[in-house]
Amino acid sequence: MDAARARGRVGGRPTVATAEIIRAARDMLPNPDNSITSIAKILGVSPGTLYNHIPDLRELRASGRIPTQVTAG
């Protein structure tokens, strides 16, 4: 692995979560009409990606500030 890195190779799958996507997700979180799933769909990522890249997302959701479902209205 060290030899590969010395040649400029990196391993692993490229991330889809750019700084802009994370910033947009954080901006949408306070809106009570947005669920984690709906934010992920809008941004074109999976909900797991948001959970992985926003460390305090679980605490925000547990505090009751973020709904679990979007209601159709």
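Here are some short exercises on the structure above, each with a worked solution.

**Before you start**

This is a predicted model, in which local features need pLDDT of at least 70 and side-chain atom pairs count only at pLDDT 80 or more, while totals for chains, interfaces and linings use all residues. Residues are numbered from 1 along each chain as its sequence is written, and side-chain values use heavy atoms, with hydrogens and water left out.

**Exercise 1. Find where the model is most and least confident, helix by helix.**

Step 1. Start with pLDDT, the predictor's confidence in each residue, from 0 to 100. The protein chain has a mean pLDDT of 81, and 82% of its residues reach 70 or more.

Step 2. Now go through the helices, which are DSSP runs (H or I, at least four residues) numbered from the N terminus. Confidence is highest in helix 3, at a mean of 94, and lowest in helix 5, at 70.

Step 3. Look at residues 67-73, where pLDDT stays under 50. Where pLDDT is low, the predicted coordinates should not be read in detail.

**Exercise 2. Work out which side of helix 2 is buried and what covers it.**

Step 1. Use these cut-offs: buried means under 20% relative accessible area, exposed over 50%, and partly exposed in between (1.4 Å probe, protein chains only). In helix 2 (19-28), the buried residues are Ile21, Ile22, Ala25 and Met28.

Step 2. Look down the axis of helix 2: the buried residues fall within an arc of 125 degrees, so they line one face of the helix. The arc is that of the directions from the helix axis to the C-beta atoms.

Step 3. Turn to the face away from the buried side, and you meet the exposed residues Glu20 and Asp27.

Step 4. Among the elements that cover the buried residues of helix 2 are helix 3 and helix 4 (47-53).

**Exercise 3. Describe the largest nonpolar core.**

Step 1. A nonpolar core is a set of buried Ala, Val, Leu, Ile, Met, Phe, Trp, Tyr and Cys residues joined through side-chain atoms within 4.5 Å. The largest one has 14 residues, of which Leu29, Ile39, Leu50, Ile54 and Leu57 touch the most other members.

Step 2. Two or more residues come from each of helix 2, helix 3 (36-43) and helix 5 (57-62). Helix 2 gives the most, with 4 residues.

Step 3. Zoom in on Ile54. Leaving aside neighbours within four places in sequence, Ile54 is in contact (heavy atoms within 4.5 Å) with Ile22, Ala25 and Arg26.

**Exercise 4. Find the salt bridge and say which parts it ties together.**

Step 1. A salt bridge is a side-chain nitrogen of Lys or Arg within 4 Å of a carboxyl oxygen of Asp or Glu. The count comes to 1.

Step 2. The partners are Asp56 and Arg26, with their closest N and O atoms 3.0 Å apart. Asp56 lies in the loop between helix 4 and helix 5 and Arg26 in helix 2, so the pair ties together parts that are 30 residues apart in sequence.

Step 3. Check accessibility: Asp56 is partly exposed at 30%, and Arg26 is partly exposed at 36%.

**Exercise 5. Follow the side chains of Asn34 and Ser38 to the backbone.**

Step 1. Asn34 sits in the loop between helix 2 and helix 3 and is buried, at 13% relative accessible area. Its side chain reaches the backbone oxygen of Met28 at 3.2 Å.

Step 2. Ser38 lies in helix 3 and is buried at 17% relative accessibility. The side chain of Ser38 reaches the backbone nitrogen of Ser35 at 2.9 Å.

Conventions:
Polar contact = N/O pair within 3.5 Å; in protein donor to acceptor, adjacent residues only side chain to side chain.
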